[in-house]
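Work through the exercises below with the sequence and the 3D view side by side. Try each task on your own before you read its solution.

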Amino acid sequence: MAQITALLLDIEGTVCPITFVKDCLFPYFLKKLPDVLSLVEFPLESSSQDSPIVSVIEGFPPETRTTREALQDHIVQLVKNDVKEKNLKALQGLVWNEGYSSGEIKAPLYQDAIDLIQVQSRNHKVYIYSSGSVHAQKLLFGHVDINGKSTDINGYLSGYFDITTSGYKFEPQSYKNIIQNIGIPGQEVLFLSDNVKEVQAALEAGLKAHVVVRPGNSPLTQDEVEKYKAVDDFSHLQL
Ligand SMILES: [Mg+2]
């Protein structure tokens, strides 16, 4: 059997709680939104403001940014409905950047995931594949909560992939793109994810893959338990 030489890790539900984005990042953004918008003068066109926030806000449709209140309502609705909109993503990115740098946000990685990344990177390449942007991934791994201290563990990682670099996570081709990119045969790469469809796609692409079981993840069906190898603690992995 081919030896595992590389790990490919999903983020949410795998190395950190599936609720991190929904229960921490989204509420943090909504809490900060009024402050962020209070720094901007409305209407936008009447003044010559130049800031990263203004550049992003200018991307929202004109009718949604006639007043500060209208824009705030619009953005809150986008968040509530989980609309994947590029201006919203960009604005969230700016706000989370601030939160991470100030230490207000720290990524709650599972201890066994931190250990896996730190220890296995000595003799394995460790890569990340998440639908969150590569920028957001680096931010997250740059501010990991280790014993209450915001710690940068990017140095242990060999590369990052997202849907723009490699494709959607349910498609086998995306995993083929990744192994081609890293230049390691699929049978030497172990993909870990909480999502059965992602695991299935990776297996079809010729990678090894296990389903990760964490508190709050959707439970596996009996069929899935029989079909896939499940892992609930990375210290049990045979590498
Ligand atoms: Mg996941």
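A residue counts as buried when its relative accessible area is under 20%, and as exposed when that area is over 50%. Keep in mind throughout that this is a predicted model.

**Exercise 1.** Decide whether Glu198 is buried or exposed, and describe its surroundings.

*Solution.* Begin by locating the residue: Glu198 is found in helix H9. Next, compare its relative accessibility, which is 8%, with the cut-off, and it follows that Glu198 counts as buried. Then look for neighbours, leaving out residues up to four places away in sequence: Glu198 touches Asp10, Lys169, Phe170, Tyr175, Phe191 and Ser193. With one of these neighbours there is also a polar contact, since the side chains of Glu198 and Lys169 approach each other to 3.3 Å.

**Exercise 2.** Find out which other residues of H9 are buried, what they pack against, and how the helix begins and ends.

*Solution.* Besides Glu198, the buried residues in H9 include Val196, Val199, Ala201 and Ala202. The general rule to recall here is that an α-helix has 3.6 residues a turn, so residues three or four places apart point the same way. The buried residues of H9 pack against H8, S6, strand S7 (208-212) and helix H10 (222-227). At the N-terminal end, Asn195 acts as a cap, with a side-chain oxygen 2.8 Å from the backbone nitrogen of Lys197. After the helix comes Gly206, which has a positive phi near 95°.

**Exercise 3.** Identify the protein donors of the magnesium ion and explain which parts of the chain they bring together.

*Solution.* The donors are Asp10 (OD), Glu12 (O) and Asp194 (OD), and they lie 2.1 to 2.2 Å from the ion. Written along the chain, their spacing is D-x1-E-x181-D. Asp10 lies in the loop between strand S1 (6-9) and helix H1 (20-38), while Asp194 lies in the loop between strand S6 (189-193) and helix H9 (196-204), so this pair ties together parts that are 184 residues apart in sequence. Both Asp10 and Asp194 are buried.

**Exercise 4.** Examine the positions Ser130, Ser131 and Lys169, which an unreviewed UniProt entry gives as "binding site", and ask why they can be said to gather at one spot.

*Solution.* These positions, which come from the UniProt record, span 40 residues in sequence, yet no two of their C-alpha atoms are more than 7.8 Å apart, so they gather at one spot. Ser130, Ser131 and Lys169 also belong to the lining of the largest pocket.

Take Ser130 next, which lies in the loop between strand S2 (125-129) and helix H6 (134-142). Its relative accessible area is 9%, so Ser130 is buried, and its side chain reaches the backbone nitrogen of Gly132 at 3.1 Å.

Lys169 sits in the loop between helix H7 (163-166) and helix H8 (172-182), and with a relative accessible area of 5% it is buried as well. The side chain of Lys169 reaches the backbone oxygen of Tyr129 at 3.0 Å, and among the residues in contact with Lys169 are Asp10, Ser130, Ser131 and Glu198.

**Exercise 5.** State how much space lies in the largest pocket and which helix gives the most to its lining.

*Solution.* The largest pocket holds about 1,400 Å³ of space. It is lined by 41 residues, of which Glu12, Lys84, Lys89, Ser131 and Gly132 are the closest to its centre. Helix H4 (86-102) gives the most to this lining, with six residues.

Definitions and conventions:
Residues are numbered from 1 along each chain as its sequence is written. This is a predicted model: local features need pLDDT of at least 70, side-chain atom pairs count only at pLDDT 80 or more; totals for chains, interfaces and linings use all residues. Side-chain values use heavy atoms; hydrogens and water are left out. Donors are N, O and S atoms within 2.8 Å of the metal (3.2 Å for Na, K and Ca); water is not among the atoms, so sites may look incomplete. Helices (H or I, at least four residues) and strands (E, at least two) are DSSP runs, numbered from the N terminus. Buried means under 20% relative accessible area, exposed over 50%, partly exposed in between (1.4 Å probe, protein chains only). A polar contact is a pair of N or O atoms within 3.5 Å; within protein, one must be able to donate a hydrogen and the other to accept it, and residues adjacent in sequence count only if both atoms are side-chain atoms. Contact means heavy atoms within 4.5 Å. UniProt positions are given in the numbering used here, feature names are shortened, and annotations may be inferred rather than shown by experiment. On a 1 Å grid over the protein atoms alone, a cavity is a set of points where a 1.4 Å probe fits but cannot get out, and a pocket is an open set with protein on both sides within 12 Å along at least five of seven lines; lining residues have an atom within 4 Å of a point. Grid points are joined across faces, edges and corners, and a volume is the space filled by probe spheres set on the points.
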